[in-house]
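Here is a short briefing to read alongside the model. Please keep the viewer open as you go through the points.

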Amino acid sequence: MTAAVASLPSAIHDSFQSLKIQPSKAVHKDVYDSEEKKRRIFDTPYEPNLKWWTSNQAEYAKPANDPLPQGFPQKVVSKSVWDGKTLINQQDVSLINKAYEHFQSLNITNNEIDQTTFPVPQHSALYKALVGITYELNHGLGLRVLRGLPVDEWTRSKQISVFAGISAYVSPRRIANNGNNIVHLRDITNIEADKRPPIVVKGQTNGNQVFHNDGSLGIISLFTLGVAETGGLSQLASVGQTYNYFAENRRDILRELAKNDWKNRYQPEGRPLIHPVGKDQVISVYSRRPYFGFYGADEDVEPLPTEKHLALDAIHFTAEKFSLDLDLQKGDLEYVNNVTVYHARTSSEDSEKNQRHLIRLWLDNEEQPLPEILVDEFRKTREGKGWPQEAWDSLDEVVNRNKE
């Protein structure tokens, strides 16, 4: 088996240090010297290695005895019918504005937004489109984009309330992220470290994100408030299509992903990264980050064995092979089934005129079948304890001050 190409941990480590990335909250004894920390963190690099995966594919010989993991289907069978982007017309915008005005008249908080406090008439085409999103996420391609919301005409407060109101028709339950219902995703690395909040996710940088599933949620919801000057494409790929490729060509990868010894700080007892569910279906709970501590390095997690490291790279490059790139526009709403669709993002560059800015909301997906091992993690009610107008305080003021 071809060995992984070594990273340059010192350079990577130093670049992370210069950004003053938010450290991991894991409790550990600081017993390692600096070189050992770098080894533990970067032996499993965040960026997949295309040369390694390509050479491994070329050298791989399919064995005669090549079983699938026990309980997994020969092939994922699923509808993949998607009618493209649903456009929001002026009549729809009028209904959304009326729903927002009704919500405002109640003088309640965003935490209380639901279909009754943000009412869209049930006889309207907009209502049918919104309630149909959940079916599309679970029985279609696993994604839906709504296009045409006039975000530039709305205040930040209205943008957030409308996002929550529309999302209430996709799922009645929100899932908190570190106590907050929303997270703002935009590049803040150009702000001096002592004048900005800590960077805790890669969405707060202009770097790319490799294919992954988010942690412990059902539906990823994104609302595009601003777009970068270049790049920042939303990349999506079918978990089922990726699985079917492995089932036909690389069952060794599936057997590795199905093992229950994938241990990290979040799952210290270990669990598989793929699971069979229902009839001829598979879901994925895969991410590279827990295994090397991207932007919060966790030196207590041992580097992955070669077979597991290869399996992570295999998912990325196979998903990329079948991926769909979406150039989200300002005002777009994107909904994605987190466990049946892998997602990624290309790197981006902002300009004085155009800056990438999305807000993210996590929703429960009560229709998604789950294996018993994931029920508690995915089904716990975790409404946010707060709903900040921003994910950080006065960031706009900081940005403006730095421009002076």
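Let's begin in the interior: strand 13 is largely enclosed by the rest of the structure, because five of its five residues are buried. Please bear in mind that this is a predicted model. From strand 13 we can move outward to its sheet, then to the helices that pack there, and finally to a cavity and a buried isoleucine.

**Strand 13 and its two faces**
- Strand 13 covers residues 341-345, and both of its faces are covered.
- On one side you will find Val341, His343 and Arg345, and on the other Tyr342 and Ala344, all of them buried.

**The sheet around strand 13**
- Strand 13 belongs to an open sheet of four strands, which follow the order 5-13-8-11 with antiparallel pairing.
- Strand 5 (209-212) and strand 11 (324-326) sit at the edges, each pairing on one side only.
- From one strand to the next, the twist averages 20°.
- How many bridges join strand 8 to strand 13? There are five, and the two strands run antiparallel.
- Strand 5 also pairs with strand 13 in the antiparallel sense, here over two bridges.
- Histidine 343 is a handy residue to click on: it is the bridge partner of histidine 212, and leucine 236 stands opposite it as well.
- As general background, the strands of a sheet pair through backbone hydrogen bonds, in either a parallel or an antiparallel way.

**Helices packed on the sheet**
- Helix 7 lies across strand 8 (234-238) and strand 13, and runs at about 55° to strand 8.
- Helix 9 packs on the sheet too, where it touches strand 5, strand 8 and strand 13.
- The direction of helix 9 makes about 90° with that of strand 5.

**The largest cavity**
- Three cavities of 30 Å³ or more are counted in the model, and the largest has a volume of about 50 Å³.
- Which residues line the largest cavity? They are Val239, Thr242, Tyr243, Phe246, Leu254, Leu257, Ile274, Val282 and Tyr342.
- Two elements, helix 7 (239-249) and helix 8 (251-257), give two or more residues to this lining.
- Helix 7 provides the largest share, with four residues.
- By character, the lining divides into eight nonpolar residues, one polar and no charged.
- Tyr342 ties two topics together, as it is one of the buried residues of strand 13 and also part of the cavity lining.

**Isoleucine 315 in helix 9**
- Isoleucine 315 lies in helix 9, which spans residues 306-321.
- Is isoleucine 315 buried or exposed? It counts as buried because its relative accessibility is 0%.
- Beyond its neighbours within four places in sequence, isoleucine 315 is in contact with Phe246, Leu257, Tyr286 and Tyr342.
- Among these partners, Phe246, Leu257 and Tyr342 also appear in the lining of the largest cavity.
- Threonine 242, another lining residue, has its C-alpha atom 7.4 Å from that of isoleucine 315, although the two are 73 residues apart along the chain.

**The chain as a whole**
- The secondary structure of the protein chain comes to 11 helices and 15 strands.
- Of the chain's 404 residues, 52% count as buried.
- Taking contacts between residues at least 6 apart in sequence, 84% join residues at least 24 apart.

Notes. Residues are numbered from 1 along each chain as its sequence is written. This is a predicted model: local features need pLDDT of at least 70, side-chain atom pairs count only at pLDDT 80 or more; totals for chains, interfaces and linings use all residues. Side-chain values use heavy atoms; hydrogens and water are left out. Buried means under 20% relative accessible area, exposed over 50%, partly exposed in between (1.4 Å probe, protein chains only). Contact means heavy atoms within 4.5 Å. On a 1 Å grid over the protein atoms alone, a cavity is a set of points where a 1.4 Å probe fits but cannot get out, and a pocket is an open set with protein on both sides within 12 Å along at least five of seven lines; lining residues have an atom within 4 Å of a point. Grid points are joined across faces, edges and corners, and a volume is the space filled by probe spheres set on the points. Ala, Val, Leu, Ile, Met, Phe, Trp, Tyr, Cys and Pro count as nonpolar, Asp, Glu, Lys and Arg as charged, and the others, Gly among them, as polar. Two strands pair if DSSP finds at least two bridges between them. Axes are lines fitted to C-alpha atoms, for helices over the stretch in contact, and angles run from 0 to 180 degrees between N-to-C directions.
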